[in-house]
Amino acid sequence: MTNSFKKTWLQISVHDLINKPGESRTIDIHATLPEDWVSGPSKVPAGSVLVITANLESVHEGILVSGGVDFEALAECSICLKELKLAFQVDFQELFAYHIADGFDYEVQSEHVDIEPIVRDAVVLSLPFQPKCEPQCDPVEVPEGVTLVLAGQERPVESDPRWAPLAGLIPDDIDKV
Ligand SMILES: [Zn+2]
């Protein structure tokens, strides 16, 4: 092991596949998340179990890792603000090169591949920015006297008829109010 090699929680040994193009192996991992993975109003909380199935394939340039991850996320409904539990299944694929200088983003290090960043990207990018209940819920009740305006539902501003003659003076390539 070199000094730069740091063992993390999703590191997989590929010792048996190094320089053996054509050989492959499938692994199943039940990994417990050490920290929250958050995206906007959704998160996969620390302690969640990620169920990962990955195929490790030896290719000429390195190790091709492809697979999928099953997990549950917590989110807040953007309409009624209730907490939701959502189940996801997302796929990932990445080549871990023997020589990162060849233009690849990931490298086989000390006969291991660290799939944590690729699993994390796949998970976080799948989290919804506007989670909603299924089937659709009722909007949150607003106290009397408060007007709730949803984006896109604002009424257009009516122009004052006294300004109508002036509208003809605006060149056609400028939007008239
Ligand atoms: Zn809701």
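**Entry 1. Burial of A75**

I began with the cut-off for burial: a residue is buried if 20 or more other C-beta atoms lie within 10 Å of its own. I then applied this cut-off to A75, which has 22 other C-beta atoms within 10 Å and is therefore buried. I note here that the model is a predicted one.

I located A75 in strand β6. Leaving out residues up to four places away in sequence, I found that A75 touches P41, S42, L84, L86, P128 and P131. I also looked up the separation of A75 from V38, which is 37 residues away along the chain, and found 9.8 Å between the C-alpha atoms.

**Entry 2. The chain as a whole**

I recorded 2 helices and 9 strands in the protein chain. Reading from the N terminus, I noted the order of elements as β-β-β-β-β-β-β-β-β-α-α. Of the 177 residues of the protein chain, I noted that 16% count as buried.

I next asked what percentage of the contacts with a separation of 6 or more is due to residues 24 or more positions apart. The value I entered for the protein chain is 63%.

**Entry 3. Pairing of β6, β7 and β8**

I followed strand β6 (residues 62-76) to its partner, strand β7 (residues 83-97), and found the two antiparallel and joined by 15 bridges. Within this pairing, I saw that E72 stands opposite A87 in β7.

I examined the hairpin of β6 and β7 and counted 6 residues between the strands. In this hairpin, I found that L81 takes a positive phi near 70°.

I then turned to β7 and strand β8 (residues 106-107), which run parallel and are joined by 2 bridges. Here I placed A97 opposite E107 in β8.

**Entry 4. Helix α1**

Which residues of helix α1 are buried? I listed I118, V119, A122 and V123 as buried in this helix, which spans residues 116-126. I then looked down the axis of α1: the buried residues fall within an arc of 130°, so they line one face of the helix.

I asked what covers the buried residues of α1. I found that the cover includes β3 (37-39), β4 (42-44), β5 (49-58), β6 and β7.

For V123 I looked up the contacts, leaving aside neighbours within four places in sequence. V123 is in contact with W37, V44, V69, F71 and V90.

**Entry 5. The nonpolar core**

I recorded 23 residues in the largest nonpolar core. The residues with the most contacts inside this core are I63, V65, V113, V119 and V123. I noted that β5, β6, β7 and α1 each supply at least two residues of this core. I traced the largest share of the core, 6 residues, to β6. As background I wrote that, in soluble globular proteins, nonpolar side chains tend to be buried together.

**Entry 6. Backbone geometry in the loops**

I found that the peptide bond from E134 to P135 is cis, with omega near -10°. I placed P135 in the loop between α1 and α2 (164-167).

I checked two residues that have a positive phi although they are not glycine. N19 has a phi of about 55°, and I located N19 in the loop between β1 (11-13) and β2 (24-32). Is N19 buried or exposed? With 9 other C-beta atoms within 10 Å, N19 is exposed.

S110 has a positive phi of about 45°. I located S110 in the loop between β8 and β9 (112-114). Because S110 has 13 other C-beta atoms within 10 Å, I entered S110 as partly exposed.

**Entry 7. S13 in β1**

I ended with S13, which lies in strand β1. I found 13 other C-beta atoms within 10 Å of S13, so S13 is partly exposed. Which residues does S13 touch, not counting those up to four places away in sequence? I noted E111 and H112.

I also looked up S13 and V108, which are 95 residues apart in sequence. The C-alpha atoms of S13 and V108 are 9.5 Å apart in space.

Methods. Residues numbered from 1 in each chain as written. Predicted model: local features only at pLDDT ≥ 70, side-chain atom pairs only at ≥ 80, totals over all residues. Pairing = 2+ DSSP bridges. Helix = DSSP H or I, 4+ residues; strand = E, 2+ residues; numbered from the N terminus. Buried ≥ 20, exposed ≤ 12 C-beta atoms within 10 Å, placed from the backbone. Arc of directions from axis to C-beta. Contact = placed C-beta atoms within 7 Å. Core = buried A, V, L, I, M, F, W, Y, C linked by C-beta atoms within 7 Å.
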